[in-house]
Amino acid sequence: MSLTLSPIKTGYLGRVKIALADLSAEDLEEVTQDLEAHLAELADGEVETVLGTPEAFVYEFRASAGLDRETSSRLANTRAWVRQRETRLTRSAGWIRAERHWSRVHPAWLWVRGWLGVSLLSVLSNGADSFRAFPIPTIGNSTLLGLVTAMLATWVSLTLARQRKDTFASFLSGTYTAVVALLLLVSLANPTSHPPTQDFEAMPQGLISEGWNPVQNIYAFDTDGNSIQVLLYDHDGRPLLNLPSYVYEEAEIAPLEERHSTDFGQVHFERDELGRMIPNLYPLQTWGYSDYGELVPSRPPSLGFPGSDGSEGGGTEEENVPTTVATSDVN
Amino acid sequence: MDSTQLLKGVLDTAVLAVLDRGRTYGYDLVRQLRESGLVEVGDASVYGTLRRLFSGGYLTSEIVPSEEGPARKYYGLNAAGTDLLDRSTKDWNEFATVMSGLLQQEKE
């Protein structure tokens, strides 16, 4: 038996004291006197084997001693354990270093967090359109509203920080930081969070029809089912065949090719006298594959409308004609 | 049956019985209980029982310095403790008689 307790036993005793912190000093002294002598009889390696963890020891002790309001309370023991961990953490060198760094950046954080909160809200709601005039966030499609909101949020942030002695203001300030941190986490977790319209450009095949099939062409018909001559172009001036973009790109860099293959057939672009592709010149000459695997000139489908031929629905008269890259019927 | 459940009801009496042999300190009290056959008795339960009995005025305590380590607190029975042990012994004997009778009838 040694005169002083080893660090392991001292640590054990300390944890028991923390778990019994609600007892009066006199009662606590009574308990620790017994335990100290008991620990002295044990080897380091058998302390927890014989007595259990400090928290378990206290739990059993309280139950047996019939101790007051916290008798048999696992919650009390858990609380004591958390308190001890918190104390250990806040006294660690790493924590103290972090606190020192934080105190340096804290004033800047108070200025930034208001703007950051509003900006993150804007990012989450507007996606890529959240900064029309960086660094002013866009709120409800309005940069002015974003500016006013960001200024207001910054003012609130600074005001709350100035009233640090006020417990409620301090609580609000902490909540403010927590909300901003939460928004940051949500933004990081959803980096692509923005309205679906923003996805349009990223879709390689453009329009999607029912069943997620890419739209290959658009044909115009009048109400009698007769095709009508309409020239449709996209925003880049390309005929609205909605061919994959690589077809146009390949055609631009390989002008000598007569036809350019697509997933669904072939297409030929007219060129000017310098050999440059004229992507928006109708009619495009396109070919698709027949049922026999032969390349045949594509033709638009012929739709039947109720009343036009006496039948119901959209029957076709040229169902074997591939329509994937068929030319618009503008000849 | 789990003997620890039975032990809860009689630990007070067991502790009083050991102390009736002579005053002793916590560690030795636990050792004596185990040597008597109560091997599953928990150290913390014994200390909790000692605290409750002491607070109830049934025990005396004295700090005795030790040259080998921390001072030991010796517990002993006072008059109230001795009286409580007598009553508990009587209660236990009556209870044990009833239970033995019941179990004997069950066998027959």
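**Figure 1. Leu59(B) and its partner across two strands of chain B.** In this predicted model, Leu59(B) stands opposite Leu77(B), a residue of strand β3(B). The pair belongs to a longer match, for strand β2 (residues 59-64) of chain B and β3(B) run antiparallel and are joined by 6 bridges. Strands of a sheet pair through backbone hydrogen bonds, and the pairing can be parallel or antiparallel. A second partner of β3(B) is strand β1 (residues 24-25) of chain B, which pairs with β3(B) in the antiparallel sense over 2 bridges. Within that pairing, Thr24(B) faces Tyr75(B) of β3(B).

**Figure 2. The open sheet of chain B and the helix packed on it.** Three strands of chain B make up an open sheet, in the order β1-β3-β2, with antiparallel pairing. Why is one side of β1 and of β2 in chain B left without a neighbour in the sheet? Both strands stand at the edges and each has a single partner strand, so one side of each lacks a neighbour there. Helix α3(B) packs on this sheet and touches β2 and β3 of chain B. The direction of α3(B) makes about 115 degrees with that of β2(B).

**Figure 3. The contact between the two chains.** In the contact, chain B takes part with 19 residues and chain A with 22 residues. On the side of chain B that touches chain A, three elements each supply at least two residues: α2 (26-35), α3 (43-55) and β3 (72-77). Helix α3(B) gives the largest share of that side, 8 residues. By class, the residues on this side of chain B are 7 nonpolar, 6 polar and 6 charged.

**Figure 4. A helix of chain A crossing a helix of chain B.** The axes of α2(A) and α3(B) come within 11 Å of each other, and they cross at roughly 140 degrees. The crossing of these two helices is right-handed. Which residues make the contact between α2(A) and α3(B)? From α2(A) come Glu30(A), Val31(A), Asp34(A) and His38(A), while α3(B) provides Asp43(B), Tyr47(B) and Arg51(B). Sorted by class, the contact of α2(A) with α3(B) has 4 charged, 2 nonpolar and 1 polar residues.

**Figure 5. The largest nonpolar core, drawn from both chains.** This core has 42 residues, and those that touch the most other members are Val16(A), Val58(A), Val15(B), Leu29(B), Leu33(B), Val46(B) and Leu50(B). In chain A, the helices α1 (7-19), α2 (25-40), α3 (47-51) and α4 (54-65) each supply at least two residues of the core, and in chain B the same holds for α1 (3-21), α2, α3 and β3. Helix α1(B) gives the largest share of this core, 6 residues. Apart from this core lies another, of 11 residues, including Val118(A), Leu120(A), Leu121(A) and Ile136(A). For Leu29(B), the residues touched are Val15(B), Val18(B), Thr24(B) and Val46(B), leaving aside residues up to four places away in sequence.

**Figure 6. Leu38(B), a residue in a loop of chain B.** Leu38(B) lies in the loop between α2 and α3 of chain B. Because Leu38(B) has 19 C-beta neighbours inside 10 Å, it counts as partly exposed; a residue is buried if 20 or more other C-beta atoms lie within that distance. Leaving aside residues up to four places away in sequence, Leu38(B) touches Leu7(B), Ala14(B) and Leu33(B). Leu38(B) and Leu11(B) are 27 residues apart in sequence, and their C-alpha atoms are 9.5 Å apart in space.

**Figure 7. Paired strands of chain A.** Chain A has 9 helices and 4 strands, and along its sequence they follow the pattern α-α-α-α-α-α-α-α-α-β-β-β-β. Strand β2 (residues 265-268) of chain A has two faces: Gly265(A) and Val267(A) form the covered one, Gln266(A) and His268(A) the uncovered one. Strand β1 (residues 260-261) of chain A and β2(A) run antiparallel, joined by 2 bridges. In this pairing Ser261(A) stands opposite Gln266(A). Strand β3 (residues 285-289) of chain A also runs antiparallel to β2(A), and 4 bridges join the two. Here Val267(A) has Thr286(A) of β3(A) as its bridge partner. Over the whole of chain A, 23% of its 331 residues count as buried.

Definitions and conventions: Residues numbered from 1 in each chain as written. Chains lettered and ligands numbered in written order. Predicted model: local features only at pLDDT ≥ 70, side-chain atom pairs only at ≥ 80, totals over all residues. Contact = placed C-beta atoms within 7 Å. Nonpolar A, V, L, I, M, F, W, Y, C, P; charged D, E, K, R; others polar. Pairing = 2+ DSSP bridges. Core = buried A, V, L, I, M, F, W, Y, C linked by C-beta atoms within 7 Å. Buried ≥ 20, exposed ≤ 12 C-beta atoms within 10 Å, placed from the backbone. Axes fitted to C-alpha atoms, helices over the stretch in contact; angles between N-to-C directions. Left-handed = near helix turned anticlockwise from the far one by under 90°.
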